[in-house]
Amino acid sequence: MLGPLNIAARQRGLSLVELMIGLAIGLFIVAAAATLLVARLQEHRASLLEARLTQDLRACVDLVTRDLRRAGYWGDATAAISASDGASSVANPYAALTVSTPSAAASEVVGFRFSRDATENNLLDANEQFGFRLRNGVIEMQLGSGSWQAMTDPATMTVTAFGVVPAMQEIDLEGVCDKPCPASAVACGPKQQIRSLAVVITARANADPRLVRSVRDAVRLRNDAIVGRCPA
């Protein structure tokens, strides 16, 4: 049979030191778990921001390249083909491509303008002017004469760089001529000009300025230009 002293000894609880040590260990574990949770949440947020920024940039560059693919479209493109008898060809009125330089106020950093035969009347008018520009961190699209519409959301990202670089490749078509070019001729015979454009867009996320992404794409223009003609 246990006496009163033995019962009291068995019912003794934790001392103050043991309680403090237990609380310290518990707080350490909770702090470590909280730190890990915060890190995971930050990584998840960064992944969402990166995915959204990349998706918005990809959607923007897809719209730009899709519209640029129609730059220089001409309903009467067959008139630009040189005849084998040396007859002159007709120049494409929609062939001009213009890259604008930065403005003095730096509000329009860079721009690219073009035209296409939108009405199938073969006459270049004001409503057939199109283009893109970077203005105040937003890429805008030109729809007709003087009408600009924002393509990117300034609340989610700021576009820091926008470039459209034209390139050209020439193919010699002298072989289609009935007569060969004279040996003394420096530039003779028709040539096919294949035009292409390289598009680069760079932007940063407004929620995290450290997050910067860039996308690029290339597009070949339709209605290749034909310059020169066969010898008469």
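User: Which residues have the most contacts inside the largest nonpolar core?

Analyst: This is a predicted model. In its largest nonpolar core, the residues with the most contacts are Leu-68, Phe-162, Val-199 and Ile-201. The core has 28 residues.

User: And which elements supply at least two residues of this core each?

Analyst: Helix H2 does, and so do the strands S2 (108-115), S3 (129-135), S4 (138-143), S6 (157-172), S7 (191-205) and S8.

User: Which element gives the largest share of this core?

Analyst: That is H2, with seven residues.

User: Stepping back, how many helices and strands are in the chain?

Analyst: The chain has two helices and nine strands. Read from the N terminus, the order of elements is α-α-β-β-β-β-β-β-β-β-β.

User: What share of the chain is buried?

Analyst: Of the 232 residues in the chain, 28% are buried. The accessible surface is about 14,500 Å², and carbon and sulfur atoms account for 59% of that surface.

User: What about contacts between residues at least 6 apart in sequence: what percentage join residues at least 24 apart?

Analyst: Among those contacts, the figure is 58%.

User: New topic: how many salt bridges are there?

Analyst: The count comes to ten salt bridges. As background, side chains of opposite charge can pair when their charged atoms come close.

User: Which residue meets Asp-56 in a salt bridge?

Analyst: The partner of Asp-56 is Arg-52, with an N to O distance of 4.0 Å. Both residues lie in helix H2 (residues 16-68), where they are four residues apart, about one turn of the helix.

User: Is Asp-56 buried or exposed?

Analyst: Neither term fits, because Asp-56 has a relative accessible area of 27%, while buried means under 20% and exposed means over 50%. Asp-56 is therefore partly exposed. Arg-52 is also partly exposed, with a relative accessible area of 47%.

User: Which residue meets Arg-58 in a salt bridge at 4.0 Å?

Analyst: Asp-217 does, through its side chain. This pair links distant parts of the chain, since Asp-217 is in strand S8 (residues 212-220) and Arg-58 is in helix H2, 159 residues apart. Asp-217 has a relative accessible area of 28% and is partly exposed. Arg-58 is likewise partly exposed, at 33% relative accessibility.

User: Which residues are linked with Arg-58 in a network of salt bridges?

Analyst: The network links Arg-58 with Asp-62 and Asp-217.

User: And Glu-140, which residue does its side chain meet in a salt bridge?

Analyst: The side chain of Glu-140 meets that of Arg-135, at 3.9 Å from N to O.

User: Is Glu-140 buried or exposed?

Analyst: Glu-140 counts as buried, because its relative accessibility is 11% and the limit for buried is under 20%. Its partner Arg-135, by contrast, is partly exposed, with a relative accessible area of 33%.

User: Turning to the surface, which residues make the nonpolar patch of about 540 Å²?

Analyst: The patch is made by Val-17, Ile-21, Ile-25, Phe-28 and Ile-29.

User: Where is Ile-21 placed?

Analyst: Ile-21 is in helix H2. Its relative accessible area is 46%, so Ile-21 is partly exposed.

User: To recap, where does H2 come up in all this?

Analyst: H2 supplies seven residues of the largest nonpolar core. It holds both Asp-56 and Arg-52, and it also contains Ile-21, one of the residues of the nonpolar surface patch.

Technical notes. Residues are numbered from 1 along each chain as its sequence is written. This is a predicted model: local features need pLDDT of at least 70, side-chain atom pairs count only at pLDDT 80 or more; totals for chains, interfaces and linings use all residues. Side-chain values use heavy atoms; hydrogens and water are left out. Buried means under 20% relative accessible area, exposed over 50%, partly exposed in between (1.4 Å probe, protein chains only). Patches are made of residues with over 30% relative accessible area and no salt bridge: like charges are joined within 9 Å, nonpolar side chains (Val, Leu, Ile, Met, Phe, Trp, Tyr) within 5 Å. Accessible areas come from the Shrake-Rupley method with a 1.4 Å probe; for residues, only the protein chains shown count as cover. Contact means heavy atoms within 4.5 Å. A nonpolar core is a set of buried Ala, Val, Leu, Ile, Met, Phe, Trp, Tyr and Cys residues joined through side-chain atoms within 4.5 Å.
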